[in-house]
Each structure stands twice: as structure tokens, then as C-alpha cells.
Amino acid sequence: LETEEAATKRISNTFNMFGQIVDAVPNGHIKGLIVSGPPGIGKTHTVTESLSTILDNENKFILVKGYASPINIYKTLYRYSREDCVVVFDDCDDAFKDETALNILKAALDSSKRRDIFWLAESRTLVLEDIPNQFQFKGGIILLTNIDFERSTIPSLKDHFAAMMSRCHYLDLEIGSQRDQLLRIKQIVDEGLLDEYMLMDRERAEILDFIYTNFNFLRETSLRMVKKVAEVYKAQPHNWREFAEFTCLKKAARYERLYKEQLKLVDFGTEDKITSC
């Protein structure tokens, strides 16, 4: 079995390599990159930290989160099609359900010397915004996803995923277990995730302990949740745990606690009866 020390080292090496690969995208050495991994482990954090340092101009880097329609994917790629630009699509997994969006992404991710992207359909939007129905994409593109392309069993997407992986670099962050996710969260906290809250080492340790203890009951397993707990800690230092349970945990957590408290009361009562006999 892998020790915690070995797992921590493996995760650290994986994310160091991840950062180095991202650094190569704005330089043009890598044109397309797909990064797969569960939510809340710092994919977006790693990419934005790297690109913000290298690309100091806001007009050279864009992070697209959430839903993106095919026409808007096309428009975004056009506006950031220069060699010194990078487009990041973060959790835009709904695009995989659309054949047009998939084909546009495949064209942008292609590793060939020339990447031409077409929109050969009538579009009033493109006409009004003076966007051509064909352009050469020279920028970099990074796709962040929670989907494991290699293990996907969705028949309609398997071929598309295989085609996308063959066109660009594909990185699986390989953090699937609960322990790996918790170790990754600890790494990012140690790297300064909570520095803005001016916490002492003991306080950071208490927050991590809360995350570890309640991992299965968190409304969301992510770095954002760690920061939410830190916010509650600063706002209510004397009874922060109670507040954090109400705002950060699912209802099931409170029900389980009440149930366990009732069991303790029952056990206590039973012991009293035995003693009295």
C-alpha cells in the first residue's frame, strides 16, 4: 500500500509537472492541452496562477467557465486567436453534448501547424459583430474537465474523446481517492491558500481538521469550501464550528449527529438501570 508520504510526493510531482506544461502553452511550445481531474483539487488555481504570471495583459488570456454555446466558443477563439493568447475552457462539459461545439474544439486543439476553424452556416451574430466565417487559430487552448476521457463509457462521446486526445496533450491528474483529495487540499493550504485570512498555524490546522472530519458531509468538496470555513472562522471565532456546520455541511450531517446523541442518551440510561440493579 502507498504510504501517505509517498502519496503526497506523487501528488506534488504531478502538479509540478502540470504547472510546467501550462507554462509551455503561452510560449507556443504546446498548442493544446486537456486536463482531467475531480473538482476542487486546484486545476483552475494552477492554470490561472501560471498564466497570470506569464501573460500580464488581460487581453491575452481568458477563462471561460460554465455553459458555452457553439457560436460563443467560435467567437471566443476568434477574439483570442493570436499567437500570444490563451483560451481556457473550465468545466464547460455541456459543450461535449453538442456535435458542433465538439468539432470546433477539436479543430482548435489540433497539433498541426495550421489550425483553420470554420462556421459555414448563416449567422446574424457573426455579421453584426463583423466576425468572418473562417479564421486561423494561432493561440493556445486549455480544456479543464472533470471527465476522465480515457475511462468514459458514453458511446456517443468515446470516439470524440479519443479524437481530442490524439490531437493534443492529455493530462490525467490521477486524484481519485478521498485521501488524495484531502492531501491535495492540505498542499494548497500549505502553499498559502488561506494567507489572506491571517491565521495562525493552530487555526489553519483546526480548519483542516474540520474539512477532514466532515469530508463526506461537505456541500461541496473544493478549495472554495476550505475558504468558506476560514471565513466563518474569522467571523465567529468562538463558535465557528457550529456556524460552519450550518453553512457548509449537508442536512444529513446534522441528522447523523442528532441520531448519535440520542444513542448516547439511550446507552446512558441503560447503564443507569444496570447500576441501580
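In this predicted model, helix H3 (residues 70-79) packs against helix H4 (residues 99-109) with the two axes 8 Å apart and an angle of about 20 degrees between them. That angle makes H3 roughly parallel to H4, since anything under 35 degrees falls in that class. The crossing itself, H3 over H4, is left-handed. On the H3 side, the contact is made by Pro 70, Ile 73, Tyr 74 and Leu 77, and H4 answers with Thr 100, Ala 101, Ile 104, Leu 105 and Ala 108. Sorted by character, the residues of this contact come out as eight nonpolar and one polar, with no charged ones.

Some residues of the H3 and H4 contact turn up again around Ile 141, which sits in strand E6 (residues 140-145). Leu 77, Leu 105 and Ala 108 are among the residues touching Ile 141 once neighbours within four places in sequence are set aside. The rest of that list runs through Val 25, Lys 31, Gly 32, Leu 33, Val 87, Phe 89, Leu 109 and Arg 115. Ile 141 counts as buried because its relative accessibility is 0%. As for Ile 62, it lies 79 residues from Ile 141 in sequence, yet the C-alpha atoms of the pair are 9.9 Å apart in space.

A second helix pair involves H7 (residues 178-190) and H8 (residues 201-213). Here the axes come within 11 Å and cross at roughly 160 degrees, so H7 and H8 are roughly antiparallel to each other. This crossing is right-handed. Leu 182, Ile 185, Lys 186 and Val 189 make the contact from H7, while Arg 204, Leu 208, Ile 211 and Tyr 212 do so from H8. The residues split into six nonpolar and two charged, with no polar ones.

Gln 187 is also part of H7. With a relative accessibility of 10%, Gln 187 counts as buried, because the cut-off for that label is under 20%. Outside its neighbours within four places in sequence, Gln 187 is in contact with Thr 8, Ile 11 and Ser 12.

Turning to confidence, the protein averages a pLDDT of 89, and 92% of the residues score at least 70. Residues 270-277 are another matter: the pLDDT there is below 50, and the stretch has zero contacts in the model beyond near neighbours in sequence. Where pLDDT is low, the predicted coordinates should not be read in detail.

Technical notes:
Residues are numbered from 1 along each chain as its sequence is written. This is a predicted model: local features need pLDDT of at least 70, side-chain atom pairs count only at pLDDT 80 or more; totals for chains, interfaces and linings use all residues. Side-chain values use heavy atoms; hydrogens and water are left out. Axes are lines fitted to C-alpha atoms, for helices over the stretch in contact, and angles run from 0 to 180 degrees between N-to-C directions. Helices (H or I, at least four residues) and strands (E, at least two) are DSSP runs, numbered from the N terminus. Angles under 35 degrees count as roughly parallel, over 145 as roughly antiparallel, 65 to 115 as roughly perpendicular and the rest as oblique. A crossing is left-handed if the near helix is turned anticlockwise from the far one by less than a right angle, and right-handed if clockwise. Contact means heavy atoms within 4.5 Å. Ala, Val, Leu, Ile, Met, Phe, Trp, Tyr, Cys and Pro count as nonpolar, Asp, Glu, Lys and Arg as charged, and the others, Gly among them, as polar. pLDDT is the predictor's confidence in each residue, from 0 to 100. Buried means under 20% relative accessible area, exposed over 50%, partly exposed in between (1.4 Å probe, protein chains only).
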